[in-house]
Amino acid sequence: MEDAFSLDGRTAFVTGASRGIGRAIARALAHAGAGVACAARDLEQVTAAAAEIEAAGGRARALQMDVTRGEQIERAVKEAESALGPIDILVNNAGITLDKPSLEVTDEEWDTVLATNLTSMFRCARVVAPGMIARGRGKIINVGSMYGVLGVPRYAVYCATKAAVGGLTRSLAAEWARHGIQVNCLAPGYMNTDIPRAAMAEAKTRERFLSKIPARRIGEPEEAAALAVYMASAASDFMTGQTVYLDGGQTTAW
Amino acid sequence: MDLNLKGRSVIVTGGGSNIGRAISLAFAREGAHVTIAEIDAGQGEKTAGEARTAGAASVVVAPTDVTKWDSVLATVRDVEARTGRVDVLVNNVGWTLDRLFVEKERAEWEKEVQLNLWGMINCTRAVLDGMIARKGGAIVSMGSDAGRMGEFREAVYGACKAGVIALTKSLAREVGRHGIRLNVVCPGMTMPSSEEEFGDLSMWAAEVNRAWGTPEMQARIAKAYPLRRIGKPEDVTGAVLFLASDAAGFITGQTLSVSGGYTMM
């Protein structure tokens, strides 16, 4: 086993940790040795996520937090740090999607998706970065999407936010590199989570989806979690500003 | 995170020197069967000795000229006979001379194309039959930011590395259905930390490249990297191990620049 992949003694803060990819990431970071603050809007779900980690012998703290509310982010980070220690790893995972013809998207919907998927990442980074800068090290993992490089009908706002995550990642990476902070983007393709699973319930749709994926399968949340562990660990200390697509070869964007 | 590389059969081309050496040793620490495919058997043996101490399941130095199909095929067949299969191929052999395009001789371009591109094509082709038959395998190739962004004095080298990236992406599409994954890691400028870490045939032994090793030049290069230092051979081993492992089972056709933030795209 390579020590470079260990997260022993580290503390992580994961947004959107109640379900799907975020929950799998929280579990994997804890399994690799980190204490994990699990933040999400749904208190019941996020409490279950933290309990799951503790039941497996890990350290966790459940936090109710709405990523679109700046004061809630500050309160949650404070609580996480007093419970688990200074945050070494931030996983900006919380996100929502919107599947709708662009001409029907309202201003409110546009603003909500932007606030949840993009602005929240900047705000969370801004809250944890001063501590990372003071300690001279940190890891920020922004969850993007394959949709950040694809043109997808009915997903204009979602695609726009996920493309923007790449730009945010590169700028923060360049700006904070000298402080020992690495910022990378984990960009999943179709994963075995609620929305794609529902979309692929029908055999014909499933066939159409899979025919576009060279690996001929969708990804598992645990696979996104393994990439997160790499990005959170010393094994990736010389990598920053990168977007890694986890999509079975679907985009192979340059 | 346990990458489950124990007992896996891994070929590292150019696995005796510099980055290749660090990769061979990293797989050795994971308990893999390591085959160091080297044109410089002496340097290969030096690294093999370290790899045995580090905990490899087995270490064999296979004298190999990656530019010669027969040589490559013989190495791969030998590994398959000895360990039963090739789980992982690391295309690490690389070569360049630090010179302007217009000042290079045709023979230099040809050597760069042979070692950087033909070597990767030969080795990749040679392991694929077995991987397809067994429905699985991982190929990690060393690219370069010169192949993504272009680089001053690295025209043909950059073209070859762009070729490595494009070949990886095309093949990822072609053989994904067989459970085979191909990815690229682009290191930054990576200097060996001592003369012991490379052989006489390494590009680091070439006189013209020695200019990169001066403290002034190193400081100048480090400034171009957001992380403010040049690479160490160990910097890329995490990415290579991860991409070679089942933990990266849904990642294919990707290029990771592990180069201190030099290239972000």
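Two residues are taken to be in contact if their C-beta atoms, placed from the backbone, lie within 7 Å. The model analysed here is predicted. On that criterion, 34 residues of chain B are in contact with 32 residues of chain A.

Several elements of chain B give two or more residues to the side that touches chain A. They are helix H1 (18–29), helix H6 (155–175), helix H8 (237–244) and strand E7 (255–258). H8(B) supplies the largest share of this side, four residues. By class, the side of chain B that touches chain A holds 16 nonpolar residues, 10 polar residues and eight charged residues.

Chain B also contains an open sheet of seven strands. Their order is E3-E2-E1-E4-E5-E6-E7, and the pairing is parallel. Strand E3 (58–63) and E7 of chain B stand at the edges. Each has a single partner strand, so one side of each is left without a neighbour in the sheet. Neighbouring strands of this sheet are turned by 20° against each other on average, direction ignored.

Within the sheet, strand E5 (residues 137–142) of chain B runs parallel to strand E6 (residues 180–187) of chain B. Six bridges join these two strands. Ser141(B) stands opposite Val184(B) in E6(B).

H8(B) packs on the sheet. This helix touches strand E4 (88–91), E5, E6 and E7 of chain B. The direction of H8(B) makes about 155° with that of E5(B). H8(B) thus appears in both settings: H8(B) packs on the sheet, and H8(B) gives four residues to the side of chain B that touches chain A.

Terms used: Residues numbered from 1 in each chain as written. Chains lettered and ligands numbered in written order. Predicted model: local features only at pLDDT ≥ 70, side-chain atom pairs only at ≥ 80, totals over all residues. Nonpolar A, V, L, I, M, F, W, Y, C, P; charged D, E, K, R; others polar. Pairing = 2+ DSSP bridges. Axes fitted to C-alpha atoms, helices over the stretch in contact; angles between N-to-C directions.
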